[in-house]
Structures are given as C-alpha cells and as structure tokens.
Amino acid sequence: MILSTLSLLLTGLILLIILGALLAPFESLGWWAGWFGEKPALPSRTATPEAGQAPEEHPATSAVVYLSGIGAIDAASIPQEEIDWGLMAIKRLPGVLVVPDVYPYSVTNAGLTADRSFARFYRWIERRRLENPYDLLQFVVNLRNLFQVAVSADRRYGPIYNLGVAAEIIRALEQRGYRVGSGKPVTLAGFSGGAQISLGAATYLAPALKAPIRVISIGGVMADDPGLNVTTKLYHLYGEADPVQKLGHWLYAGRWKWFPQSDWNRAMAAGKIEMIDMGAMAHNGSKNYFGWTAFTPEGKSHAIATIDTIGDLLAKDGLINPAALQAARAANDPEARAYEAARAAEAARARDKQREAKTTW
Amino acid sequence: MVEFIRIMWVGINEAMRLNPRAFEIVESRPDTAWVVLAVAILGGASLLLGQSVILFVNRVRPARFVVSLLLNGVIFALSLMVWGAAIWLTSRVLYPNEIPLTKALRLTGMGAAPYVFGFLVLLPYAGNFIGKVLAVWSFLVVLAAMTTLANGNFGPALVCTVVGWLVVMVMSATIGRPVIYVRNALWRRLTGADMDASVQDILGQFAAPPEDAATKSRRGAP
C-alpha cells in the first residue's frame, strides 16, 4: 500500500517535471510571437537614444553585468550571499559600472513573483526561503530556472531567448548611464546557469552595443554556444569541489573533444577560453564562490577571493587601473573583514541553536 | 466514441512495441481506415506541436496555430499514404502479389504511432534527439507492418519499405514539385505566414557576423 502510494507520487512528480520542461520554451516563444500582448522591444544595431532622453553618461570606462544563478526568484530576490557579494563587488571594482539587477531567467526581466500565473506560489516560496535559506522547496525555483538555461542552450529556442535577455541587459545598462555606441567594454559575469545565458546574450549584445563583450563564468554550466564567436574572452572560474560546473562539459556534445569544429572547441583552440582554478570552492553551501565563512589558504573569504579574481582579470585586460584596484581593496578590506566576522558569528549562533534543539529533543 | 479511442490507443501501444497483433487489432474493425487516419492526423499534429518553434518564429496567431496543427496532421497522413502507395507499387513490381492497395495504406498509416509522442520534441535540448528516435521508431513500425503483410518475410519487406521511401524522395524532388508548391501555398493561406524562414534567418539580423568580432580581437581591442 505504502509502496504503491510512493510509486504513484513519484510518477506524478516525474510527469510534473516533464510538463514543466515542455512548457519552458513557451514564455520566450510567446513573447516573440506577441501572444502575451506587448510587442517585444528588441536591440538594434543602429538605434541611439534620442537627444534629451539619454541619461547622463556614467564616467566608468567599462561595465560588469551580473547574471545570477538558478536560485534567483527575481532580480532582487537572489540568495542573500549573492546580494552581499554584489554590494562588495561594487566597492572593490573601482571605475567599473556594476549592473546587478538583470533577471536572466525571463525574456522580459519579469521575476517569478511579478504578474504571472504562479506568482503567489513563488511569493510563498520566497517567504519560506527568507525564513530558512536552505528550505527544500526552493528546488522548484531551481528546476524552473534550470529549464530556462536549457532553453537558452537549445539552438532552436536559444536565439529568441537570448535576444530577449540581451534587450533587457541593454535596458539595464542604459538606465545606469551606459551609452550605447560608446564602445566601452562590457563584461558579463554569470554564476552557474547565468554563465550560459551570458554567452547566449553575447551574440546580440556585441552588434547592438558595438563594444567588446567578455564573459566571466563563475562555476558556469555552459553549452557550446555560438555566442563564443563574438565574445572577446571567456574566463571560466571553477572550484575543485564543484562537480556541477563539470555538467556543461558532460552534457553538451559540442564541448566533447571529438568535435574539433564546434564553436567551443574552436574558441578553445584560439585561446579564447581560459580556465581559472579557484581552489577548494564548491557550487553550493557555505564553501561556494560567494561564501563568507569559508576561506582560501591566503585567508580571504571565498566571496572576496572571487571578487578579487574578477578584479585581477579585468586589470589584466586593461579594464581597471591596477593602482586604483589596489587602493580600493585596501580601503575596503576592514569592511570586508568585519562583514566576514559578522557572518561567521551568525553561522556559529545558528549551529549552537541547532545543537541546543537536538539536545532538548 | 470511447471504443474508437480505446482501439486507437491499443493500436498505438502495440504498434510501438512492433507487435504484429497491432495490425490485426486495427484490421479487425469495420472502421479501421478511420482509426488509422485518426492516428496519422494525431501523430502529425503532435509532431508539429513539438516543432512549433517555427510557427512562433513566424508569429502565427493562436487561432491559426491550432489550424496549423490540424493541417499538418492531414498533410502528414497524406504523406504516409503516398509512402504506402510507393511501397505497394514496389512490392507489385519486385514481388508480384495480390495484396490490396488499401491494406498497404492502412498498415503504413500505423507508422504515425510513435509520432503521437511528437510533442516531446518540444523539450529543450533533449527534443532534437527525441525527434530522431521517433523517426527511426516510425520507420521500424512501418517495417514491422510490411513484414506482417509479407507473411513474416523480413527481406522483401525491408526492400519494399526502403525502395518505397526512395521513390517518394525522388518523386518529391521531380514530378512531385507542383504538389509541394500547392501544399506550401495552402499552408501559407491557412497559417497566414511564410514558413520558409528559420530561426536563424529571422534572428540573424540581430546577430553580429563572426568576422566583426574576430576583427576586433585581432585589433586587440580591450
């Protein structure tokens, strides 16, 4: 009886997952076809903002757009550690315009709690996650966004999906004072599935912005995407304790060595892809790339080490003044240390509380 | 109606297992032609649903989207009938027999059975592979049906199925062109969109030619 109920539940769950995967492409396809009312706003190679409409140009010499991992519910509702990481990145990357508010899992930048059929359900999950960052139900969000990554990587749907995200990235850049046509280099920093979407969007960003596009993958799960053909450089930051980032290598045939003419392998042969070993970092949990309570042998928290690696890469490519970078780090270090100590104390308190609860039980 | 759907489902299920009984079950009913036609139309409609990206890219409106699915079902059924006729003709020439044309058409129609799951082609990333599996599966169903028709003689069944398929390919590239033209015109009229454009054709206008980026890299642009 119990076994048959379990098997029924399991079958239902599998069918639900397949249904979710089947419906995944419809959001971007319907958007393109104009089924949901508004006509898609698309990036153009020739469009420039009309006089008087353009915001004042930001003085930064380059821009970094952060695309979050599959745990994001909307541009603002991402795991707290990523939010804190972004705020610290702004302070440690001087002279760079940092854009943290693009939601890469929707072609319209509309988060899951926006005006959608399941908005109430996602708001409920969001509340649960705020109470418990390790709540198991957030797996639903991960799965939903994972299917969108697959849409981005699919050569049938990818062009539409990636075009939509590219349009949203351009809008977010312009809102912060990036002038289209200025030629200022843009770096897309994507975590996990965000790295694949970064590559996909690069195809359309390069001609629309008329600027060099770099991608920094933070434990990214990437396909053999044609976006590599227009990307100036792809840096893949990977942790030795992160098996998830290897999925891209296993799942996407174009990355296998048997296909030397694939976009990925040609980019590798041309030296466009650089692999950066981040040490013992993991994909999830406290030891991930944004962790504040796990430290490298040099004594930096994983979060700061990841920001600094990005800073070093940007400096190497001439996108940050090395002296300014060192100065910004020195100025920010006390704040970073204090923040790390506060997070460590918080984690210790949580552990004590858990131990206490166990003893009482 | 319920019995009709039940027979359809049993036919699809058994045909996909390549079970010769499937063809006996379908053949045992007086309305067998309708059962096969329904399977073929369902298979064609489901396959187009799986490949519907082309409808979306061409911005087909919702009502016409549904019409497109039905139209594709009918076209798919017709194409299977043409294949069935080609197989029958080949068998008459290579292995003289008295098998009626209608029977060959009905059994070839069951080749649509795997395509009832054509909607699975929608699945991101895995869909293309599933589409290929369904195509091979469909061929195997037709081959199994022809083997049944040839009283279990696999060799002649294989020859007729393959040669029949080749005949259809040659015909569609030669004397069948006017028919394809009419089909495409009908398609355009009913769907309101020209289906010749692919995703790459339409979206290519927004993408950079790769040489642009290559030039930039060579210049050493930061």
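This is a chat between a visitor and a guide about a predicted model with chains A and B.

Visitor: Let's start with the sheet in chain A. What is the order of its strands?

Guide: The order is β2-β1-β3-β4-β5-β6, an open sheet of six strands with parallel pairing. From one strand to the next, the twist averages 20°.

Visitor: What makes β2 and β6 of chain A edge strands?

Guide: Each of them pairs on one side only. That goes for β2, residues 96–102, and for β6, residues 273–277.

Visitor: How do you know that β5 and β6 of chain A pair?

Guide: Two strands pair if there are at least two bridges between them. Five bridges join β5(A), residues 231–238, to β6(A), so by that cut-off they count as a pair. The two run parallel. One of the links is between A:Leu237 and its bridge partner in β6(A), A:Ile276.

Visitor: And what holds strands together in general?

Guide: Strands of a sheet pair through backbone hydrogen bonds, either parallel or antiparallel.

Visitor: How many bridges does β4(A) make with β3(A), and how many with β5(A)?

Guide: Six bridges join β3(A) to β4(A), and six join β4(A) to β5(A). Both pairs run parallel. On the β3 side, A:Val186 stands opposite A:Ile213 of β4(A). On the β5 side, A:Ile218 has A:Leu237 as its bridge partner.

Visitor: Why is β4(A) called mostly covered?

Guide: Look at its residues, 213–218: six of the six are buried. Buried means under 20% relative accessible area, so each of them falls below that cut-off. Both faces are covered too. A:Ile213, A:Val215 and A:Ser217 are buried on one side, and A:Arg214, A:Ile216 and A:Ile218 on the other.

Visitor: Which helix links β3(A) to β4(A), and in what kind of unit?

Guide: That's α7 of chain A, residues 193–209, and the three elements make a right-handed β-α-β unit. Another helix to look at is α6(A), residues 158–175, which lies across β1, β2 and β3 of chain A. It runs at about 130° to β2(A).

Visitor: You mentioned α7(A). How do you know whether A:Thr203, in that helix, is buried or exposed?

Guide: The relative accessible area of A:Thr203 is 13%. The cut-off for buried is under 20%, so A:Thr203 is buried. The side chain of A:Thr203 also reaches the backbone nitrogen of A:Gly227 at 3.5 Å.

Visitor: What stands out about the phi of A:Ser192?

Guide: It's near 55°, a positive value in a residue other than glycine. Most residues other than glycine have a negative phi. A:Ser192 lies in the loop between β3 and α7 of chain A, and at 6% relative accessibility it counts as buried.

Visitor: What about B:Leu18, is it buried or partly exposed?

Guide: At 34% relative accessibility, B:Leu18 counts as partly exposed, because that label covers values between the 20% and 50% cut-offs. B:Leu18 sits in the loop between α1 and α2 of chain B. Its phi is near 60°, again a positive value in a residue other than glycine.

Visitor: What is chain B built from?

Guide: It has 11 helices and zero strands. Buried residues make up 45% of its 222 residues. The C-alpha atoms fill a box of roughly 75 × 40 × 35 Å along the principal axes.

Visitor: How do you know that the buried residues of α2(B) line one face?

Guide: The buried ones are B:Ala22, B:Phe23, B:Ile25 and B:Val26. Seen down the helix axis, they fall within an arc of 160°, so they line one face. They pack against α1, α3, α6 and α7 of chain B.

Visitor: Which residues of chain B does A:Arg156 contact?

Guide: Among them are B:Gly50, B:Val53, B:Tyr125 and B:Val199. A:Arg156 lies in the loop between α5 and α6 of chain A. A polar atom of its side chain is 2.7 Å from the backbone oxygen of B:Val121, and the side chain reaches the backbone oxygen of B:Leu123 at 3.0 Å.

Visitor: Why is A:Arg156 called buried?

Guide: Its relative accessible area is 12%. Buried means under 20%, so A:Arg156 is buried.

Note on methods. Residues numbered from 1 in each chain as written. Chains lettered and ligands numbered in written order. Predicted model: local features only at pLDDT ≥ 70, side-chain atom pairs only at ≥ 80, totals over all residues. Heavy atoms only, no water. Helix = DSSP H or I, 4+ residues; strand = E, 2+ residues; numbered from the N terminus. Axes fitted to C-alpha atoms, helices over the stretch in contact; angles between N-to-C directions. Contact = heavy atoms within 4.5 Å. Buried < 20%, exposed > 50% of the residue type's maximum accessible area, 1.4 Å probe, protein only. Arc of directions from axis to C-beta. Right-handed = clockwise from strand over helix to strand, strands pointing away. Polar contact = N/O pair within 3.5 Å; in protein donor to acceptor, adjacent residues only side chain to side chain. Lists of a residue's contacts leave out its neighbours within four places in sequence.
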